[in-house]
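This report describes the fold, packing and charged pairs of one protein chain. Please consult the sequence and structure shown here alongside the text.

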Amino acid sequence: MVSLYNQMDKVMLNLMIDSSSVAFYSTANSINSMWTFVIAAVIDSVSPVIYTAYNESRAVFKNSLKILYQFIIWLCLMAGVVICLSSKIIINLLYGASYMEAVPVLRVLVWSVMFSYLGVAKNIWVVSENKNKYLVAFTGMGIIGNLILNFILIPQYGAVGAAVATVVTQFISSVAAQLCFKETRESCIWMFEAFIFKDTLSLNEIKEFIRGTLHNRDNKEKRR
């Protein structure tokens with residue numbers, strides 16, 4: 001399902017428009033993925049701390065997860081603005097003037113990263129609460145939403161339409177789909193609270209969270 005979900009845009013672009021639109025979309029997608037290893041590394045580093053917090057204190061677990069959500073949101077907002085402003089320069093330097101049609105695609109697609117990695121971070125809650133069975137439903141909703149949006153947007157907007165479909169679909173599968181099930185609504189509420197910076201933690205609490213993360217990483221390295 002994930003493989004189908006990830007390749008659907010390119011397949012539908014090729015069938016409904018042409019191969020050149022696939023090339024522009026793929027170019028934008030490649031650039032959009034160049035910096036996301038930073039978010040992945042942070043999630044890998046802090047997830048053991050958050051899993052540990054789940055067994056120690058519900059409040060600490062909630063606050064730690066919301067810190068991670070807020071970090072992802074802030075970083076993606078800043079990266080999105082930078083990439084949007086410099087997209088022409090980036091594409092011209094990496095691919096040349098012939099790929100400038102990928103600029104508007106990149107400017108849309110960059111906002112999908114936030115929702116995509118909020119979904120990755122959300123899996124910490126899913127695993128901790130043993131709600132894994134809902135992941136199939138979330139992905140299924142994403143596939144259906146992406147299929148419908150691509151059929152509507154691609155004929156009129158081409159690769160940009162596919163990018164819009166990706167952003168909306170990531171929001172649906174990573175965030176909004178949780179509202180469909182009573183058992184997963186709590187996770188979605190935490191995510192929205194982080195998005196509007198409700199109950200934002202103090203600087204000292206954030207420092208304690210980072211300190212705990214570094215201490216956990218040091219212990220892992222010593223055991224190795």
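The sections below treat the overall architecture, the core, the surface patch and the salt bridges in turn.

## Overall architecture

The model is predicted. Its chain contains 9 helices and 0 strands, arranged along the sequence in the pattern α-α-α-α-α-α-α-α-α. Of the 224 residues in the chain, 44% are buried. The accessible surface comes to about 11,600 Å², and carbon and sulfur atoms account for 63% of that area.

Among contacts between residues at least 6 apart in sequence, 78% join residues at least 24 apart.

## The nonpolar core

In soluble globular proteins, nonpolar side chains tend to be buried together. The largest nonpolar core of this model has 53 residues, and Ile39, Leu65, Leu68 and Ile72 have the most contacts inside it. The elements that contribute two or more residues are α1, α2 (19-32), α3 (37-56), α4 (58-94), α5 (103-109), α6 (112-128), α7 and α8 (185-195). Helix α4 supplies the largest share, 12 residues. Beyond its neighbours within four places in sequence, Leu65 is in contact with Ile50, Ala121, Ile124, Trp125 and Trp190.

## Helix α2 and the contacts of Ser112

The 14 residues of α2 should span 20 Å at 1.5 Å a residue, and the end C-alpha atoms are indeed 20 Å apart. The buried residues of this helix are Ser21, Val22, Phe24, Tyr25, Thr27, Ala28, Ile31 and Asn32.

Asn32 is also one of the residues touched by Ser112, together with Thr166, Val167 and Gln170, when residues up to four places away in sequence are not counted. Ser112 lies in helix α6 and counts as buried because its relative accessible area is 7%, under the 20% cut-off.

## The nonpolar surface patch

Val11, Leu15, Met16, Ile17, Ile144, Leu147, Ile148, Phe151 and Ile152 make a nonpolar surface patch of about 850 Å². Two elements give two or more residues to the patch, α1 (2-16) and α7 (134-174); α7 gives the most, with 5 residues.

Met16, a residue of helix α1, is partly exposed at a relative accessible area of 30%. Gly158 belongs to helix α7 and is buried, with 12% relative accessibility. Although 142 residues separate Gly158 and Met16 in sequence, their C-alpha atoms are 8.5 Å apart in space. Leaving out residues up to four places away in sequence, Gly158 touches Leu13, Ile17 and Leu153.

## Salt bridges

Side chains of opposite charge can pair when their charged atoms come close. The whole structure holds 3 salt bridges. In one of them, the side chains of Arg58 and Glu129 meet at 2.2 Å, N to O. Arg58 is in helix α4 and Glu129 in the loop between α6 and α7, so this pair ties together parts 71 residues apart in sequence. Arg58 also meets Glu186 in a salt bridge of 2.5 Å, N to O; Glu186 is in helix α8, and the pair links parts of the chain 128 residues apart. Arg58, Glu129 and Glu186 are thus linked in a network of salt bridges. Within this network, Arg58 is partly exposed at 37% relative accessibility, Glu129 is buried at 17%, and Glu186 is partly exposed at 31%.

Lys66 forms a salt bridge with Glu193, with the closest N and O atoms 3.0 Å apart. Lys66 lies in helix α4 and Glu193 in helix α8, so the pair joins parts 127 residues apart in sequence. Lys66 counts as buried at 4% relative accessibility, and Glu193 is buried at 11%.

Conventions. Residues are numbered from 1 along each chain as its sequence is written. This is a predicted model: local features need pLDDT of at least 70, side-chain atom pairs count only at pLDDT 80 or more; totals for chains, interfaces and linings use all residues. Side-chain values use heavy atoms; hydrogens and water are left out. Patches are made of residues with over 30% relative accessible area and no salt bridge: like charges are joined within 9 Å, nonpolar side chains (Val, Leu, Ile, Met, Phe, Trp, Tyr) within 5 Å. Accessible areas come from the Shrake-Rupley method with a 1.4 Å probe; for residues, only the protein chains shown count as cover. A salt bridge is a side-chain nitrogen of Lys or Arg within 4 Å of a carboxyl oxygen of Asp or Glu. Helices (H or I, at least four residues) and strands (E, at least two) are DSSP runs, numbered from the N terminus. Buried means under 20% relative accessible area, exposed over 50%, partly exposed in between (1.4 Å probe, protein chains only). A nonpolar core is a set of buried Ala, Val, Leu, Ile, Met, Phe, Trp, Tyr and Cys residues joined through side-chain atoms within 4.5 Å. Contact means heavy atoms within 4.5 Å. The expected span of a helix is 1.5 Å times one less than its number of residues.
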